[in-house]
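Work through the exercises below with the model open. Try each task before reading its solution.

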Amino acid sequence: MSQPPKPDKSATARPLATESDWKKLWPSAQPGKSEPLLKALHILTRDGALNADSRRKLTQVLHLTQLLRPAIEAMLAEKDDPVLADLGAGKSYLGFILYDLIIGPAGKGRVVGVEARDKLVETSRALATQAGFERMEFMAAPIAEAVLPGGHADMVTALHACDTATDDAIRFALRHEAKHIALVPCCQAEVARLLDGHQGPMRQLWRHPIQRREFGAHLTNVIRGLVLEAQGYKVRVTEFTGLEHTMKNELILAERHQRSNAQARGELDRLIDQIGVKPALLDVMA
Ligand SMILES: C[S@@+](CC[C@H](N)C(=O)[O-])C[C@H]1O[C@@H](n2cnc3c(N)ncnc32)[C@H](O)[C@@H]1O
């Protein structure tokens, strides 16, 4: 089986784009206003250039921003103070860019970044203060334990939240009754581990370690999609950006339109019966 191409990191340190190039990527009439933020996030160098790594990151985040824009604008139109929770926020590139391009100019709505690493949260808080992003907050906590003030979030995003942190993001979205969810899963190991040595009529699908890893990651995302459907979400699974930008390229978009979906629940149960392994995420179906 041929492998997809790996992103070429050889030119990482070399600025790829001039100042005017990044401005072509930036979907705003006044890109200059965002330049200090992008420099503070180290997406741009001090000279205003973009290297290969930051171009990849910026391309991913801007692509997700454009995909989420209609749902965020609908939320802003419907609600006085919609809350977007970005989980496993890391350096909060996504939160800062969503705030800079959409939430900030709207004059209402909040972005809450949830991140387990204290140091990253401190840095993001300082940057939000420096940028004057008053409706941006950060919580230093594992996603599994995080509860927002008011216990509600309108939209949940999790971009490359590691392994089962994406499942924690799904549980978070359910307990905060989020209408919109956007997940770009990261590496996944739990299901591959469960499949290791597991017998059954389909065992050839996961016999070899590399296929077990890939099939395990694929099955995990299929189960995530079905769990969300069974919980009443309409689910769309698409390519995130090109493989040249990231190898973790599956985007799961979900919008809730009913409390539950018995047909999807049936499909999920049948799949689990056929494969015979039960990832921990199924606890939300109890
Ligand atoms: C690969 S990084 C992605 C960061 C960011 N979303 C982005 O795309 O730039 C994953 C981040 O999730 C955080 N993380 C992983 N598991 C977590 C958990 N269970 N709770 C909170 N944060 C978590 C890590 O500390 C890390 O900063």
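A residue is buried if 20 or more other C-beta atoms lie within 10 Å of its own, exposed if 12 or fewer, and partly exposed in between, with C-beta atoms placed from the backbone. The model is predicted: local features need pLDDT of at least 70, side-chain atom pairs count only at pLDDT 80 or more, and totals for chains, interfaces and linings use all residues. Residues are numbered from 1 along each chain as its sequence is written. Helices (H or I, at least four residues) and strands (E, at least two) are DSSP runs, numbered from the N terminus.

**Exercise 1. Find the burial class of H160 and of D163.**

Step 1. Locate them. H160 is in the loop between β6 and α6. D163 is in the loop between β6 and α6.

Step 2. Count neighbours. H160 has 18 other C-beta atoms within 10 Å, so it is partly exposed. D163 has 14 C-beta neighbours inside 10 Å, so D163 is partly exposed.

Step 3. Check the backbone. Most residues other than glycine have a negative phi. H160, not a glycine, has a positive phi of about 60 degrees. D163 is not a glycine either, and its phi is positive at about 45 degrees.

**Exercise 2. Work out the strand order of the sheet and name its edges.**

Step 1. Pair the strands. Two strands pair if DSSP finds at least two bridges between them. The open sheet has 7 strands in the order β5-β4-β3-β6-β7-β9-β8, with mixed pairing.

Step 2. Find the edges. β5 (136–140) and β8 (233–239) each have a single partner strand, so one side of each lacks a neighbour in the sheet.

Step 3. Inspect one pair. β8 and β9 (residues 250–256) run antiparallel and are joined by 7 bridges. In β9, L251 is the bridge partner of T238.

**Exercise 3. Describe how α3 meets α4.**

Step 1. Take the axes, which are lines fitted to C-alpha atoms, for helices over the stretch in contact; angles run from 0 to 180 degrees between N-to-C directions. The axes of α3 and α4 (residues 93–106) come within 9 Å and cross at roughly 40 degrees.

Step 2. Classify the angle. Under 35 degrees is roughly parallel, over 145 roughly antiparallel, 65 to 115 roughly perpendicular, and the rest oblique. The two helices, α3 and α4, are therefore oblique to each other.

Step 3. List contacts (C-beta atoms, placed from the backbone, within 7 Å). In α3, the contact residues include V61, L64 and I72, and those in α4 include L94, I97 and L101.

Key
Contact = placed C-beta atoms within 7 Å.
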